[in-house]
Amino acid sequence: MESVWSRSVTFKEHKQLQGDISVNTAVIGAGIAGLLTAYRLKEKGIDTVVIDANTVCSGQTKNTTAKITSQHGVIYSKILNYYGEESAKQYAELNQKAIEDYEKLIKEKGISCHFERKSAYLYTMGDEKKIFKEAAAAHKAGIPCSITDKTELPFSVKAALVFENQAQFNPLEFLNVIADELKIYENTQSTKIIDNVIYTNCGTITAENIVLACHYPFVNFPGLYFMRMSQERSYVVSAEYNRELNGMYIDADGGLSLRSYGNRLILGGGAHRTGCPNDADPFKTLENAGKRLFGDFNVDASWSAQDCITLDNIPYIGRFSSAAPNMFVMTGFCKWGMTTSMVAANLVSDMISGEYKSDFNVFSPTRLSVFATAGNACVNTAETVKGFAKYLRITAMTEKDVKNSSAAVIRYNGKNAGAYRDENGKLYIVSLKCPHLKCTLNWNESTKTWDCPCHGSRYDYKGALIDNPAQHMSILLN
C-alpha cells in the first residue's frame, strides 16, 4: 500500500547519528509536526536537530488525506461545552492562523505542493441538529460559517456546515523543501530519556530542550499519556475521476471523507479502534462506495493511517508535565494532524524561545475536565482490561491449520502465539504479547499486521514494529 503523496516525492537520505552530541533542542520524530517545529526553531536561531527511528516522513504524515482546515468535525460545540467560549476562540484562532502560516511559507519559499484554497463541508444525512449546534458554536468561536443542504456530492444531505477559504495540499511535496534545510539524523531510534539526555541506538544527545513529536509518546512516566489516549485506524482509496470537487467533505456521523487531488478523487473512512478491526474489508467497502456513488471508480492507490485520540478530542501540545519542564509533547491530533502540526510547531517553538507569554492554552497537556473525559476514560480502561484478559481465552489452532496468505492464533511451545503463512508457505510465528505493556495483539487482515487494542502499537507479520508507543518488535518465535 502506498499513498498518492508517496508516489510523487523521494526524500534525500540523511545520515545516522554517530556518537554523542550536544544541542539546544532535539526533536524526536521526522514527521510533519517534528519538521515544522525544527523549522520554526531554526527561524528563531535555535540550534536544533531532528532524529527519527526510520526515515523522514515514513510514519503517519505520508498517509493523511492532507486537508488544512479549522473545521475538525463536531469539535467547537464540545469545547464550548467542556471548557467555555474563551477556549473555543483560542482553538479556532490558532487553527485559522495555521492555514495562513502554511500559505505564507509556501509562497515565500515558492513551494510547488498543490496548495489550493477550498471550502470545507461537515455534512450529515441524519440528524441535522448537530450541524446547527456546531454552527452556533463556531460562530461564538469567531469563525464565519454557513449552513446549506445543497452540495456537489452525488447524494442528498440533510445539512452541511461550510467553512470557506480552507485549504488542501500534497504534504510530502511541501515537506521535501522544508526538510532540506534541517539537520536530521535518520535510523536513529531513541530508547530512553534520562534528565536532558536522549539515549539512542547509535549515541546520545544532550539537549536543553527535548520535543516528543513521535506520534505517540514512548515515555510513559510521568505524563501517563498511555492512560489518556487511544488510537484509531482509518482507510483511504484513490481513483481517477473526470471532475474535480470544489470542496472538501467529511461526514459528521463517521461516514465518508472526500476531496480531489487534480484528476483524482480521494475517499476515506472505515475508522475503528486499533486492534479492533471491522469484519468487512475497509478498502473493498470504500471501493464499492466509490463505484456506487461515482460510477467508473477504479482504485489504483490505497493506504491507511493511524491517529491518536485524546479523551476530550483536543490535542496535547505543550510541556510534557510539570515534573519535566524542558520536555515538550505534541500528540493526539485526532485525525487533523496537518493543521494542528502547524499549531504545535508555533506554540512549542515560542515556548522554547521564551516568546510564549500566555498562561492560557486550550491544548495544555495538563488540562483536566472530569466532565469532558470521564466517558472516554472508562471506554479506554475497558478496552485495556479486555486486551490483557483476551490472552487467556483465545481458542488456538495448530501450525498445520494455518493456510497460505492467512493468519491464526496457534499453540506454540505450550503458549498462544500469532502465526502468519505467506503466499509461498513460509510460516512466521510471533509473540501475542505487546512489548509495550503486555496487552494481547489482534490480527488486522486488511493491513496484514498484529495490532494492540490497548495503546495502538502495531507490528508486521514478521514482528517488526510499525507504530509506537512500543519501542521494540514483537518477539519472533521461529
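Two strands count as paired here if DSSP finds at least two bridges between them. With that in hand, this predicted model offers a small sheet to look at, then a disulfide beside it in sequence, a couple of free cysteines and a long run of helix.

**The sheet**

Strands E21, E22, E23 and E24 make up an open sheet, lined up in that order and paired antiparallel. At the edges sit E21 (442–444) and E24 (465–467), each of which pairs on one side only. Going from one strand to the next, the twist averages 35°.

Zoom in on the middle of the sheet. E22 covers residues 449–451 and E23 covers residues 458–460, and three bridges hold this antiparallel pair together. One contact to pick out by eye is at Asp-451, whose bridge partner in E23 is Arg-458.

**The cysteines**

How many disulfides does the model have? The count comes to one. Cys-439 and Cys-454 form it, with their sulfur atoms 2.1 Å apart. The angle about the S-S bond is -100°, and the link is left-handed. As for where the two ends sit, Cys-439 is in the loop between strand E20 (427–431) and E21, while Cys-454 is in the loop between E22 and E23; the two are 15 residues apart, and the pair links distant parts of the chain. Are these two cysteines buried or exposed? Both Cys-439 and Cys-454 are buried.

Two other cysteines, Cys-113 and Cys-308, are in no disulfide. Here is how far each one is from the nearest cysteine sulfur:

| Cysteine | Nearest cysteine sulfur | Distance |
|---|---|---|
| Cys-113 | Cys-57 | 13 Å |
| Cys-308 | Cys-334 | 8.5 Å |

A disulfide needs the sulfur atoms within 2.5 Å, and neither distance in the table meets that: 13 Å for Cys-113 and 8.5 Å for Cys-308.

Why do these two count as buried? The cut-off is under 20% relative accessible area. Cys-113 has 1% relative accessibility, so it counts as buried. Cys-308 comes in at 2%, so it counts as buried too.

**The helix**

Now for H4, which runs over residues 85–109 and has 25 residues. From its first C-alpha to its last, H4 reaches 36 Å, close to the 36 Å expected at 1.5 Å a residue. What comes just after H4? That would be Gly-110, which takes a positive phi of about 60°.

Key. Residues numbered from 1 in each chain as written. Predicted model: local features only at pLDDT ≥ 70, side-chain atom pairs only at ≥ 80, totals over all residues. Heavy atoms only, no water. Helix = DSSP H or I, 4+ residues; strand = E, 2+ residues; numbered from the N terminus. Expected span 1.5 Å × (residues − 1). Axes fitted to C-alpha atoms, helices over the stretch in contact; angles between N-to-C directions. Buried < 20%, exposed > 50% of the residue type's maximum accessible area, 1.4 Å probe, protein only.
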